[in-house]
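Subject: Structure for you to look at

Hello,

Here is the structure I promised to pass on. Please open it first, then read my notes below.

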Amino acid sequence: MSSFDTVTTLILSRLASFLPFFEVIPEIFSNLYLYIPLLTMGLMSREYSSGSIKLLFSSPVTNSQIILGKYISVLIYNLVLILPLFLIGIFCSIFIKNPDLGLLFTGILGIYLLICAYGAIGLFMSSITSYQVVAAMGTLAVLAALNYVGDIGQDYAFVRDITYWLSISGRAYEFIGGMICSEDLLYFLLIIVFFLTLSVLRLRAGRSKISYAKTWGTYGVVVVVALLIGYVSTLPSMKLYYDATATGRNTLTQVSQDIMNKLDGKLKITSYVNLLDDNYGIGLPSQLKSDRERFERYIRFKPDLEMDYVYYYDEANSQLDFRLEGCKTIEERAKKMANILDLDLKMFLTPDEIKERIDLASEGNRFIRVVERENGQKSILRLFDDTEKHPSETEISAAFKRFVVKSPKVAFLVGHDMRNIHKTGDRDYNRFAENQYFRHSLLTQGFDVVTLDLAKDDMPEDIDIVVISEVKTPFIEVEQERLNKYIARGGNLFILGDARRQDIMNPIVEQFGVTFMPGTLIEIKENDSPSLIIGHITKDAAERFKPYTRPYEFGYTVTMPDATGLSFDVSKGYNVMPIIVTDSLSWNELQTTDFLDDIPQYNPETGEKQGVIPTVLALDRKVGDKEQRIVIAGDADCVSNGEMSKSRNGYASTNFTIVTGTFKWLSYDEYPLDTERPNPKDNEVYISRDARKLVRYGWYGIMPVVLAAIGITILARRKRR
């Protein structure tokens, strides 16, 4: 089992499968809601129908004692119901390495609270009728109402908050995930206490002569008190949390917590929702509660975080045109879309009105969120063009960190036909540099990205990293002079060469003791071009640079077409570490140039060198009080738009790790943020494959028989008495 797997999580996913209510899922708990009405329908109804209620009324017990006695029996029975889950927990603690018992038993707690809430509802329904079938049907009706009430009135702010809180659907999910939130815990306790109180009041009304006004007044007070406590429990400042998981997966990582602790003053997130954009549904009024949950972990540490929504319509590059055929103007399209969604068009700002507030043209009028601090600082959160779509903790925290720390500024040199960060061609660098909708681009990870022409402008003092990519013509004197000044002051660099550019680029890197080897690196493969190098991460790089650790452990490679090798001399005063290297059978080909039709042959007599050859190097040295860091790569294509978006059959490549690892090191670990959690430790089962069948038979066959035998024995002994 890989280190990404967690045995306890897999088990919890099985426990969670019976939720939410009324879903048809083939699990042993999928029909649990049916058993509770059958269990509770006779608790009080049988007393009424048999007449034994009179004996209870004449006995020296109070109404509360009668109800609590009945409910305690339900609690005990529910414990018996979940007994197999406790047995699973014991089994896990014995046969799983370092089991995440906090996650497991928190999930069991959520299930227990859920069925106990069901029991309290069933007890109340049983107390209002003498017909057991009516009590059972009434319980089912109330359970159904509590499950579906959350979908009612979600388009209206006041109604939304009430119905969303009343809903029992999904309340146990937080527990199943290993998180105990005071809001959910109080919800279950309130439901239980609320229906038990109603049961006591119903019993009192049948036992004593009380006016209808007083009876219904008491009911009203109970309802108001329950709703008031429920409302207070939903306030962000009143919520308490306990993350029971071993890896803290429900809580922000420490780096994100540190950022949030530095954000004094109010924080506001304004979402701009375009009716004509593909992602309009995310911010619709009916989805606001779900949308807010995406930031729940941040609200936990910033309770005063405010979320606002601005609705408008304007041109957008969307897939909605097929639904809006026949509409010639923007207004007509917006009106038709509003009619389809049953929304009032008046709630949406017109194109002119939204432009008066904010210009979203540069964003393509797509769904964005503007994060604004009380002091006026702003940052942007975008949706990404991938399957996950929404920003993760890494991107959200990076946007927040811009408010408390200066973002590293990366300057891409231009001219000399270097790679262009504004173009989307295969050889260019837009994707990793400044693509707004690529999750891992420097821009979305917290860097400030600019271009710089050294022939026209001097190097600004605020530049932290300079990128030089495949220079095709030599630098002029003023460019080289300005670059040398930057290097002399200890500036960091990322230099990318390429085959056939050695003569031009060697003068740039020779001052670091590095040389681009002549020729093109060759690696003979059966189905691919010999000039395609499959680079391997070195063990030293995996140990020193965290972004390379997991890719190294899982054997990921880096694809490098038409690369040149690197040789280095440490006498120049730099510490040098190879990051990516070739295999031992590679060599620098000096004769063959047509790798499509010709088959290159290793010929050491021509000066070709075979062996493990570095293709990416990391260099550092001390310049005053600063550590200067430089990364040099022998291939400029490995991080290009084309190569990073390409899938090569047979290779598990991780080219973007070069970008992540390089810029994290060059920015002194400021960005990208390290929000990675430790590997789960419960990744090994102490059971052989042959024994797993026996375990399955034990759980599916022997355990039910044992439980049935115990039940029959108890029933038989009761009958004898």
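**Notes on the nonpolar cores**

Start at Phe400. Leaving aside residues up to four places away in sequence, Phe400 touches Ile259, Met260, Leu263, Leu267, Ile269, Tyr298, Leu305 and Val371. Please keep in mind that this is a predicted model.

Phe400 belongs to the largest nonpolar core, which has 81 residues. Which members of this core touch the most other members? They are Phe400, Phe412, Phe432, Leu442, Phe494, Ile579 and Phe663. Helix H25, residues 656–666, supplies the largest share of the core, with 6 residues. A second core of 50 residues is separate from it. Ile53, Leu104, Ile121 and Phe124 are among the members of that second core. As background, nonpolar side chains tend to be buried together in soluble globular proteins.

**The chain as a whole**

The protein chain has 721 residues, and 50% of them count as buried. It holds 26 helices and 19 strands. Its C-alpha trace spans about 110 × 70 × 55 Å along the principal axes. The accessible surface is about 34900 Å², and carbon and sulfur atoms account for 56% of that.

Now take the contacts between residues at least 6 apart in sequence. Of these, 74% join residues at least 24 apart. On charge, the chain has 78 positive and 88 negative charges. Their mean positions lie 13 Å apart.

**Strands around E19**

Strand E19 covers residues 626–633. Is it largely enclosed or largely open? Of its 8 residues, 6 are buried, so E19 is largely enclosed by the rest of the structure.

E19 pairs with two strands that I want to point out. With E10, residues 492–496, the pairing is parallel, over 4 bridges. There Ile495 stands opposite Ile632 of E19. With E18, residues 614–623, the pairing is antiparallel, over 8 bridges. Here Lys622 stands opposite Glu627 of E19. E18 and E19 form a hairpin with 2 residues between the strands. Gly624 in this hairpin has a positive phi near 65°.

Follow E18 the other way and you reach E16. E16 and E18 are antiparallel and share 6 bridges. Ile580 stands opposite Val616 of E18. E16, residues 575–581, also runs antiparallel to E13, residues 532–537, with 2 bridges joining them. In that pair, Ile580 of E16 is the bridge partner of Ile537.

**Backbone points to check**

Most residues other than glycine have a negative phi, and most peptide bonds are trans. Three places are worth a look with that in mind.

- Tyr671 and Pro672 are joined by a cis peptide bond, with omega about -10°. Pro672 sits in the loop between H25 and helix H26, residues 689–720.
- Asp669 has a positive phi, near 70°, and is not a glycine. Asp669 is also in the loop between H25 and H26. Its relative accessible area is 49%, which makes Asp669 partly exposed.
- Asn98 has a positive phi near 45°, again in a residue other than glycine. Its loop runs between helix H6 (83–95) and helix H7 (101–127). Asn98 is partly exposed, at a relative accessible area of 45%.

**Two more residues**

Where does Val200 lie? Val200 is in helix H11, residues 182–207. Val200 touches Asn63, Ser64 and Ile67, with residues up to four places away in sequence left out. The C-alpha atoms of Val200 and Gln65 are separated by 9.0 Å, although these residues are 135 apart along the chain.

His440 is in the loop between helix H19 (430–433) and strand E8 (448–452). With a relative accessible area of 38%, His440 counts as partly exposed. Outside residues up to four places away in sequence, His440 touches Phe432, Gln445 and Phe656. Phe432 was named above for its contacts in the largest core. The C-alpha atoms of His440 and Thr394 are separated by 9.7 Å, with these positions 46 residues apart along the chain numbering.

Best wishes

Methods:
Residues numbered from 1 in each chain as written. Predicted model: local features only at pLDDT ≥ 70, side-chain atom pairs only at ≥ 80, totals over all residues. Heavy atoms only, no water. Buried < 20%, exposed > 50% of the residue type's maximum accessible area, 1.4 Å probe, protein only. Contact = heavy atoms within 4.5 Å. Areas by Shrake-Rupley, 256 points an atom, 1.4 Å probe, with all protein chains shown as cover. Lys, Arg positive; Asp, Glu negative; His and termini not counted. Charge placed at Lys NZ, Arg CZ, Asp CG, Glu CD. Core = buried A, V, L, I, M, F, W, Y, C linked by side-chain atoms within 4.5 Å. Pairing = 2+ DSSP bridges.
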